[in-house]
Amino acid sequence: MKTIALVGQPNCGKSTLFNQLAGYKSLSANFPGATVEYTKGQTYIGEEIAEVIDLPGTYSLSWYDDAEKETVRALFSEHIDVIVNILDASTLVRSIELTIELMSLEKPLVVALNMMDEALRKGIYINVKKLEDILGVRVVPIIAKKGKGIKDLLEAIKTAKKPLKRCVYSKEVEKYINKLKECIENNNLSGEWPPKLMAIKAIEGFEPCMEPLENSTCRAPLKEARYALRDGLVIVQERHALCMDIFEKVAVVKKKEKKSLETILDSILLHPFFGYISMFLIFFSIFYVVFHGGVPIENLIIGAFDKIDAFLNSTLTSHKLILAITRGVVDGVGAAFGIAFPYLLPFLFLISLLEDVGYLPRIGFLLDSTMHKMGLHGTSIIPFVSGYGCSVPAIMTTRILKSRKEKIISAFLASLVPCSARTTVIMGLVGYFIGYGYAILLYGINIVVIMVSGMVLKKLLPGISPEMALDIPPYRLPTIKTLLLKTWHKVKDFIFLAVPMLIAGSVVLTLITYYHLDSTINGVFKPFMALLGLPSSIAVVLIFGILKKELTLLMLYQALGLTSLSQIPKVLTPEQMFVFTIFVIFYIPCIATIAAIKKEIGLKATSYITVGTFTLATLLALLFKVLLHSVWF
Amino acid sequence: MKLVEGSLDKSYIVESIDGGCMAKDRLWKLGIIPGVVIKIKRRAPLKGPLMLEVNGSDVVIGRGIASRINIKEIE
């Protein structure tokens with residue numbers, strides 16, 4: 001089976017093309033040993049079936065972050081048969097730079113010239129045949145969004161050849177490059193890099209290419225080349241001039257005047273004041289739609305599962321243990337569907353919409369400065385906002401982040417954001433019994449704790465968080481098909497990840513009740529509960545809370561030996577309720593969230609996060625116990 | 001003059017990028033190359049990043065990077 005890799009610069013429409021080729025049957029996978037994700041699927045080329053890999057977008061073969069690094073390493077590997085380089089026809093000059101680098105890999109290459117319609121709208125007319133002749137590579141014009149040109153592209157992939165041309169720089173420059181290249185070849189220093197590309201990148205000052213040459217005989221020719229070519233600047237300028245030259249030869253630009261819609265939109269959405277107002281309104285309406293639209297659907301689903309429960313109760317009365325386990329399974333499936341369809345589906349759809357329209361990088365621009373203090377970028381706001389709904393998709397969105405450090409920090413902080421389950425505890429316990437002012441105070445405390453934790457993590461974790469340097473795509477209208485496919489991929493991930501966890505959790509819960517293990521658990525945790533000043537019978541509630549957070553409220557009165565929730569003030573003091581809620585907000589993420597974190601950043605970091613949140617919750621609970629004691633009484 | 005000191009809605013020529021700038025390679029790829037004309041389009045509040053127009057595209061770069069880019073005014 002042939003393997004085809006899709007490569008392109010960010011925002012070139014790579015994923016749209018991928019969806020057109022591989023459709024809904026694609027899978028996401030992680031690069032071995034890395035937390036960077038790519039998508040793969042299959043497509044038919046004529047009669048033959050081929051594997052298509054959608055690699056993370058990269059500006060060039062010298063990487064700037066983890067995701068780009070994995071793309072480059074995947075391109076070097078043996079098993080890729082054809083590289084499809086997707087270019088954004090409306091930003092041709094910059095796009096060709098990557099093409100020129102890809103040519104040096106000497107693998108069968110096809111160029112897919114995407115967004116021909118957008119280029120036309122910008123007044124850029126491209127002569128495809130001429131571009132093909134100059135590059136020496138097959139060029140196929142496509143409009144991925146509308147599925148145009150896909151057939152021709154598949155045909156071109158079938159007959160793809162290695163690039164015809166090689167030397168692209170001036171004689172003087174080539175002289176230095178070749179001298180270094182020969183040295184690299186003679187000393188077998190290139191590793192997985194093509195020797196010539198390594199030479200160019202080393203002269204340009206790209207660390208991973210320079211380092212292997214540092215302590216070798218190639219150090220002298222490298223030093224000489226870097227001196228003569230002004231630390232690689234000459235190469236860069238020549239390549240840029242070459243791209244400009246190609247552009248001028250193949251394209252005619254007819255300037256279209258008039259103030260574009262984009263300028264108007266940007267003047268509001270990126271405004272130093274109205275930009276933030278718009279951002280707030282956009283997120284507020286998303287939450288409004290998701291939470292208000294979701295409730296009736298959730299009730300419908302819960303209603304259906306309640307009926308199944310009642311049916312099981314009446315038919316399986318003689319087999320108590322089987323009943324317990326079956327009910328656990330049914331409850332788990334019910335809980336998963338109760339979250340996935342009413343909330344997750346619309347939420348992920350709207351987030352995909354924001355992403356594809358081009359709003360997300362603009363939020364990044366607005367929020368970068370605040371987020372940077374926590375070792376994050378503006379784009380990291382998405383996991384946080386999502387966290388108020390459910391932590392699982394929030395953790396899943398950390399996938400869009402590039403560096404590992406940023407991912408770990410975001411995953412940790414996003415798990416601290418009170419999800420809708422924890423909101424029921426905050427509102428139902430502190431809000432209802434102590435006062436809604438205190439509930440809002442809890443949200444405030446939560447935000448402060450998150451910011452401080454972020455600043456501490458930034459200092460503690462190794463690695464630097466690279467500064468923002470990216471291009472902002474123009475606003476684009478995505479097609480419904482692309483959005484639905486994107487949403488479907490994410491919901492599928494959630495189902496595969498969370499459903500088994502929720503089922504297992506529910507089964508464990510019913511078994512604990514069935515075998516009356518509550519008192520044993522309470523006994524073990526008695527000293528810890530005493531430390532927090534809480535009754536020891538609550539320990540089992542906290543254990544259950546790890547399986548599903550909303551249970552910490554639902555099971556609280558039973559555990560305290562009461563008949564209803566309204567009797568809680570008789571047993572717990574306001575101080576105890578407050579401390580309990582603080583602990584519930586911050587302690588160990590629920591089991592489905594833990595599974596999501598493990599998938600995104602690996603087992604080791606997940607265990608650190610689990611221990612970290614537990615420690616944080618304990619410290620905060622103790623702090624507030626002492627504080628409240630001196631203030632309240 | 002450094003890029004951070006440039007004024008809004010004005011075009012400049014990129015003169016050089018200081019050594020030791022981690023993002024140098026990325027800047028080159030984004031079209032910020034010595035000799036190229038760039039325009040400062042926006043600044044995010046609270047010492048946020050800068051938005052530039054390079055070659056007809058919008059590019060956003062952090063302020064730390066912008067303080068390592070030398071520019072000169074167009075006569």
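Two residues count as in contact here if their C-beta atoms, placed from the backbone, lie within 7 Å. With that in mind, welcome to a short tour of this predicted model.

**Figure 1. Where chain A meets chain B.** The contact brings together 29 residues from chain A and 30 residues from chain B. On the chain A side, four elements each supply at least two residues: helix H3 (92-103), helix H11 (233-250), helix H15 (360-372) and strand E10 (469-472). H15(A) gives the most, with five residues. Sorted by class, this side of chain A has 15 nonpolar, eight polar and six charged residues.

**Figure 2. A strand pairing that crosses from one chain to the other.** Here we look at E10(A) beside strand E4 (residues 57-61) of chain B; the two pair in the antiparallel sense over four bridges. To find your way, look for Ile472(A), whose bridge partner in E4(B) is Asp58(B).

**Figure 3. Two domains of chain A side by side.** The domain assignment of chain A gives domain 1 (2-158) and domain 2 (171-253). Their centres, taken over C-alpha atoms, are separated by 24 Å. Where they touch, the contact takes 19 residues from domain 1 of chain A and 17 residues from domain 2 of chain A. On the domain 1 side, the elements giving two or more residues are H3, strand E7 (124-126) and helix H5 (128-135) of chain A. H3(A) gives the most to this side, with five residues. You may remember H3 of chain A from Figure 1, where it also supplies at least two residues to the side that touches chain B. By class, the domain 1 side of the contact between the domains has 12 nonpolar, four polar and three charged residues.

**Figure 4. Strand E8 of chain A and its neighbour.** Among the elements of chain A, strand E8 (residues 138-141) has the highest mean pLDDT, 95, and strand E2 (residues 27-30) the lowest, 62. Where pLDDT is low, the predicted coordinates should not be read in detail. Back in E8(A), Arg138(A) and Val140(A) point one way, Val139(A) and Pro141(A) point the other way, and all are buried. In a regular strand the side chains alternate between the two faces of the sheet. Strand E6 (residues 109-114) of chain A pairs with E8(A) in the parallel sense over four bridges. Within this pair, Val111(A) stands opposite Val139(A).

**Figure 5. A mostly covered helix, H28 of chain A.** Helix H28 spans residues 591-601 of chain A, and nine of its 11 residues are buried. Among them are Ala592(A), Ile594(A), Ala595(A), Ala596(A) and Ile597(A). The buried set also includes Lys599(A) and Glu600(A). Just after the helix comes Gly602(A), with a positive phi near 95°.

**Figure 6. Two loop residues with an unexpected backbone angle.** Neither residue in this view is a glycine, yet Arg230(A) has a positive phi of about 50° and His516(A) has a positive phi of about 55°. Arg230(A) sits in the loop between helix H10 (219-228) and H11 of chain A. His516(A) is in the loop between helix H21 (480-514) and helix H22 (518-532) of chain A. Arg230(A) counts as partly exposed because 14 other C-beta atoms lie within 10 Å, a number that falls between the 12 or fewer of an exposed residue and the 20 or more of a buried one. His516(A) counts as exposed, because it has 8 other C-beta atoms within 10 Å.

**Figure 7. Chain A as a whole.** Stepping back, chain A holds 29 helices and 10 strands. Its radius of gyration is 29 Å, close to the 26 Å that the globule rule gives for 633 residues, so chain A is as compact as a globular protein of that length. Its C-alpha atoms fill a box of roughly 90 × 50 × 50 Å along the principal axes. Of the 633 residues, 44% count as buried. Chain A averages a pLDDT of 86, and 97% of the residues score at least 70.

**Figure 8. Chain B, the partner.** Chain B has two helices and five strands, and along the sequence they follow the pattern β-α-β-β-β-α-β. The radius of gyration of chain B is 11 Å, close to the 11 Å that the globule rule gives for 75 residues, so chain B is as compact as a globular protein of that length. Its C-alpha atoms fill a box of roughly 30 × 25 × 25 Å along the principal axes. Of the 75 residues of chain B, 49% count as buried.

Terms used. Residues are numbered from 1 along each chain as its sequence is written. Chains are lettered from A and ligands numbered from 1 in the order in which they are written. This is a predicted model: local features need pLDDT of at least 70, side-chain atom pairs count only at pLDDT 80 or more; totals for chains, interfaces and linings use all residues. Ala, Val, Leu, Ile, Met, Phe, Trp, Tyr, Cys and Pro count as nonpolar, Asp, Glu, Lys and Arg as charged, and the others, Gly among them, as polar. Two strands pair if DSSP finds at least two bridges between them. Domain bounds come from an automatic or database domain assignment. pLDDT is the predictor's confidence in each residue, from 0 to 100. The radius of gyration is taken over C-alpha atoms; the globule rule is 2.2 Å times the number of residues to the power 0.38.
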